[in-house]
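Here are my notes for your first look through this model. Keep the structure open beside them and check each point as you go.

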Amino acid sequence: MDIRRDNYRIFSEGVIAGLRMKNRIVRSATWDVPVTVARNVSDDVVDYYKTLALGGAGMIITGDFPVTPDGSLTDSTSFSDVRVGGLEKIADTVHRTDERCRIIAQLNTGYVGKTPSERRSPFRKDPTPALAEEEIKIIIMCFARGVVQAKSLGYDGVQFHAAHGTLLCDFLSPYANKREDDYGGTVKKRVKVIRDIVTLARKEVSDFPILIKTNCTDYIEGGVDIDSFPEIAAEIERSGIDAIEVSGGRYDCLVRSKEELGFRPVPGAESHTRINSLDKQSYFYPYIEMLNLSIPVILVGGNKDVEYLEKLLSFGRVDFMAMCRPFICEPGLPNRWLSGEGKSVAQCKSCNSCIYDMYMNFINKNARITRCLYKADKDEHKRAQKWLSSWVENHKVQ
Ligand SMILES: Cc1cc2nc3c(=O)[nH]c(=O)nc-3n(C[C@H](O)[C@H](O)[C@H](O)COP(=O)(O)O)c2cc1C
């Protein structure tokens, strides 16, 4: 007999900056290739968000929307929009499907091709140049406008993508940010870019929820780690952010061995492969145990067993549980867990064939929703595994 989980903490109401969530399950950001490829929101995308809303998540975070165009940042007059048409259809559909489901727009830059300070990467032939201070001001303005626009498009909040080696992630990391001006050096200065965006945005959106996703570890020497993360998180809280989603990893770490990293290096250091035992699940939990924050903490990365998640929630260090790949595999996972149907473990094998599917869709300009190939196409799944295991060798600079 199925035993419902209505009385579980994970299915109790949660609040972020006054925004009430019907439960504590968050769909973590998952890149929307059709939005990026076609720069428009197709019917398939809208239907997919409807499916997610029907599936029972309390909050859905979109794939990252670019607030700057790809390329040069010299002409500030052209950066007035979140640069994709039709984004309001996603917010509207989610709300009409379930008025208690929250929808958060993840904001990132487009491909800027610059970093806080000039840096060589094992995956790039040439060093990436540093941003000029004027360009940082443009980025701040673009994010602030993105926040204003997301609010006007009907979203319940925004999340800054400051994890996995994005531009904002680079500002926060002592590995990537060696600036000696106001935007680098101390933790306070590295977080200044976030503080400036929030301050500028708040002038127009007041207490509209602004979340962040950030790295608790870069898995790299000289980067963010378990010892330095608490101070960064505390400074992020002081900057006016309303909730922090804790993730980790960046591309540059992938040249390290499996033994050094503790997981298989595939493109997506935040998405550990084959989480098949309890000790591999919820792999960023030890990092949040070190935090002392007043804002809600969202944990992502290898969350797979509702019974284990319930146990972690009971310790009081984490407020919300986010998942990405389990939702690609089972969009209706929250409702399945709630009804007590089937196993308490998500069906997702963490094989990462979804990452391959996403990249292939992008490269082939195929505006298709990312699939779980293990379920959808066994031959493609095999090809994906080959591609994943040779990715580092094929992409690192020799
Ligand atoms: C196909 C795919 C697309 C992703 N897209 C994004 C994204 O747009 N923004 C982001 O912050 N993280 C993105 N991620 C990372 C996930 O949100 C998540 O942090 C990571 O997969 C670990 O969580 P999981 O074990 O629940 O999958 C993506 C991951 C995958 C597998």
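Which residue in S5 is the bridge partner of Ile60? Look for that pair, then read on.

1. **The pair.** The bridge partner of Ile60 is Ile103, in S5. This bridge belongs to a wider pairing: S4 and S5 run parallel and are joined by six bridges.

2. **Confidence.** Remember that this is a predicted model. The mean pLDDT of the protein chain is 94. Of its residues, 96% reach 70 or more. One stretch needs care: over residues 76–80, pLDDT stays under 50. The model has seven contacts beyond four places in sequence for that stretch. Where pLDDT is low, predicted coordinates should not be read in detail.

3. **The barrel.** Eight strands form a closed barrel, in the order S3-S4-S5-S6-S7-S8-S9-S10, and the pairing is parallel. On average, neighbouring strands of this sheet are turned by 30° against each other, direction ignored. Strands of a sheet pair through backbone hydrogen bonds.

4. **Strand S5.** S5 covers residues 102–108, and seven of its seven residues are buried. Arg102, Ile104, Gln106 and Asn108 point one way. Ile103, Ala105 and Leu107 point the other way. In a regular strand, side chains alternate between the two faces of the sheet. S5 also pairs in the parallel sense with S6 (residues 157–162), over four bridges. There, Ala105 has Val158 in S6 as its bridge partner.

5. **S8 and S9.** Further round, S8 (residues 243–247) pairs with S9 (residues 297–299). The pairing is parallel, over three bridges. Find Ile244: the residue opposite is Val297 in S9.

6. **The ligand shell.** There are 26 residues around the ligand. Ser28, Ala29, Trp31, Cys324 and Arg325 come nearest. Strand S4 (59–66), helix H11 (325–329) and helix H13 (353–363) each supply at least two residues of the shell. H13 gives the most, with three. By type, the shell divides into 10 nonpolar, 12 polar and four charged residues.

7. **Tyr285.** Is Tyr285 buried or exposed? Count the neighbours: 20 other C-beta atoms lie within 10 Å, so Tyr285 is buried. The cut-off for buried is 20 or more. Tyr285 is in helix H9 (residues 285–288). Leaving aside neighbours within four places in sequence, Tyr285 is in contact with Leu299 and Leu312. Tyr285 and Leu312 are 27 residues apart in sequence, yet 8.4 Å apart in space, C-alpha to C-alpha.

Conventions. Residues are numbered from 1 along each chain as its sequence is written. This is a predicted model: local features need pLDDT of at least 70, side-chain atom pairs count only at pLDDT 80 or more; totals for chains, interfaces and linings use all residues. pLDDT is the predictor's confidence in each residue, from 0 to 100. Two residues are in contact if their C-beta atoms, placed from the backbone, lie within 7 Å. Two strands pair if DSSP finds at least two bridges between them. Axes are lines fitted to C-alpha atoms, for helices over the stretch in contact, and angles run from 0 to 180 degrees between N-to-C directions. A residue is near a molecule or strand if its C-beta atom, placed from the backbone, lies within 6 Å of it. Ala, Val, Leu, Ile, Met, Phe, Trp, Tyr, Cys and Pro count as nonpolar, Asp, Glu, Lys and Arg as charged, and the others, Gly among them, as polar. A residue is buried if 20 or more other C-beta atoms lie within 10 Å of its own, exposed if 12 or fewer, and partly exposed in between; C-beta atoms are placed from the backbone.
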